[in-house]
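Subject: Structure handover

Hello,

Here is the structure I promised you. Please open it alongside this note. My findings follow below.

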Amino acid sequence: MTELSLNTIKKQLQEAGFKLTPQREATVSVLLEKEKEHLSAEEIFLLLRLKHPDIGLATVYRTLEILTELNITYKVVFEDGLSRYDLRRTSNEHFHHHLLCIECGNIEEIHEDLLGEVEKDVESRYQFVVKDHRLTFHGICRDCQQKLRNK
């Protein structure tokens with residue numbers, strides 16, 4: 001798996017004609033630092049404000065919009081209706097899958113593509129070219145299962 005880095009993302013932005021401004025760099029740094037946390041724009045903004053009190057929420061939204069347009073991030077919406085941002089792993093052809101715990105809200109990632117055969121079947125049966133897919137499994141995580149057993 002190719003690791004994402006600030007330099008990789010900077011290069012992607014430059015190739016698309018965007019500069020890595022200090023605000024964009026700070027936003028990308030938070031995404032990289034908190035990669036497994038699936039943060040919303042507001043959560044990213046609050047983390048940024050700790051080190052960069054001059055950054056506005058609108059700037060964070062614009063940066064996330066650019067990153068999403070360039071396929072550097074994905075915008076993911078879970079049941080809470082909140083848009084969350086997930087870095088795209090450069091080695092993955094498709095978006096990764098999620099395990100969403102309905103007890104605690106924890107979100108885990110599955111980086112293997114579990115739907116390759118299903119995708120081929122859809123393409124052949126429906127003459128539909130699949131460009132991407134997203135899958136979220138809803139259930140109860142290991143920790144919550146343990147807590148429920150111990151009640």
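How far apart do the C-alpha centres of domain 1 and domain 2 lie? The answer is 22 Å. Please keep in mind that this is a predicted model. The domain assignment puts residues 1-89 in domain 1. Domain 2 takes in residues 91-150.

Overall layout

The chain has 151 residues, and 32% of them are buried. Its C-alpha trace spans about 50 × 45 × 25 Å along the principal axes. The secondary structure amounts to six helices and six strands. Read from the N terminus, the order is α-α-β-α-α-β-β-β-β-α-β-α. Take the contacts between residues at least 6 apart in sequence: 49% of these join residues at least 24 apart.

The cavity

There is one cavity of 30 Å³ or more. The largest cavity holds about 30 Å³ of space. Its lining consists of Leu 31, Lys 34, Glu 35, His 38, Leu 39, Tyr 85, Asp 86 and Leu 87. Strand β3, residues 83-87, gives the largest share of that lining, with three residues. Sorted by class, the lining has four nonpolar residues, three charged and one polar.

His 38 and Gln 127

His 38 deserves a second look. This residue is part of the cavity lining. His 38 sits in the loop between α2 (22-33) and β1 (39-40). Its phi is near 50 degrees, a positive value in a residue other than glycine. Is His 38 buried or exposed? His 38 has a relative accessible area of 2%, so it counts as buried.

Gln 127 also has a positive phi, about 45 degrees, and is not a glycine. Gln 127 lies in the loop between α5 and β6 (136-139). Its relative accessibility is 67%, so Gln 127 counts as exposed.

Leu 115

Leu 115 is in the loop between β5 (107-110) and α5 (116-126). Which residues does Leu 115 contact, leaving aside its neighbours within four places in sequence? They are His 97, His 133 and Leu 135. Leu 115 and Leu 135 are 20 residues apart in sequence. In space, their C-alpha atoms are 8.9 Å apart.

Cysteines

How many disulfides does the count come to? The count is zero. A disulfide needs two cysteine sulfur atoms within 2.5 Å. Why does Cys 104 have no bond to Cys 101? Cys 101 holds the closest cysteine sulfur, but that sulfur is 3.7 Å from the one in Cys 104, so the pair is too far apart for a bond. Cys 104 is partly exposed, because its relative accessibility is 47%.

Cys 141 is in no disulfide either. The nearest cysteine sulfur belongs to Cys 144 and is 3.6 Å away. Cys 141 has a relative accessible area of 13%, so it counts as buried.

Where to start

If time is short, begin with the cavity and its lining, His 38 included. Then turn to the cysteines, Cys 104 and Cys 141 among them; the disulfide count there is zero.

Best wishes

Terms used:
Residues are numbered from 1 along each chain as its sequence is written. This is a predicted model: local features need pLDDT of at least 70, side-chain atom pairs count only at pLDDT 80 or more; totals for chains, interfaces and linings use all residues. Side-chain values use heavy atoms; hydrogens and water are left out. On a 1 Å grid over the protein atoms alone, a cavity is a set of points where a 1.4 Å probe fits but cannot get out, and a pocket is an open set with protein on both sides within 12 Å along at least five of seven lines; lining residues have an atom within 4 Å of a point. Grid points are joined across faces, edges and corners, and a volume is the space filled by probe spheres set on the points. Helices (H or I, at least four residues) and strands (E, at least two) are DSSP runs, numbered from the N terminus. Ala, Val, Leu, Ile, Met, Phe, Trp, Tyr, Cys and Pro count as nonpolar, Asp, Glu, Lys and Arg as charged, and the others, Gly among them, as polar. Domain bounds come from an automatic or database domain assignment. Contact means heavy atoms within 4.5 Å. Buried means under 20% relative accessible area, exposed over 50%, partly exposed in between (1.4 Å probe, protein chains only).
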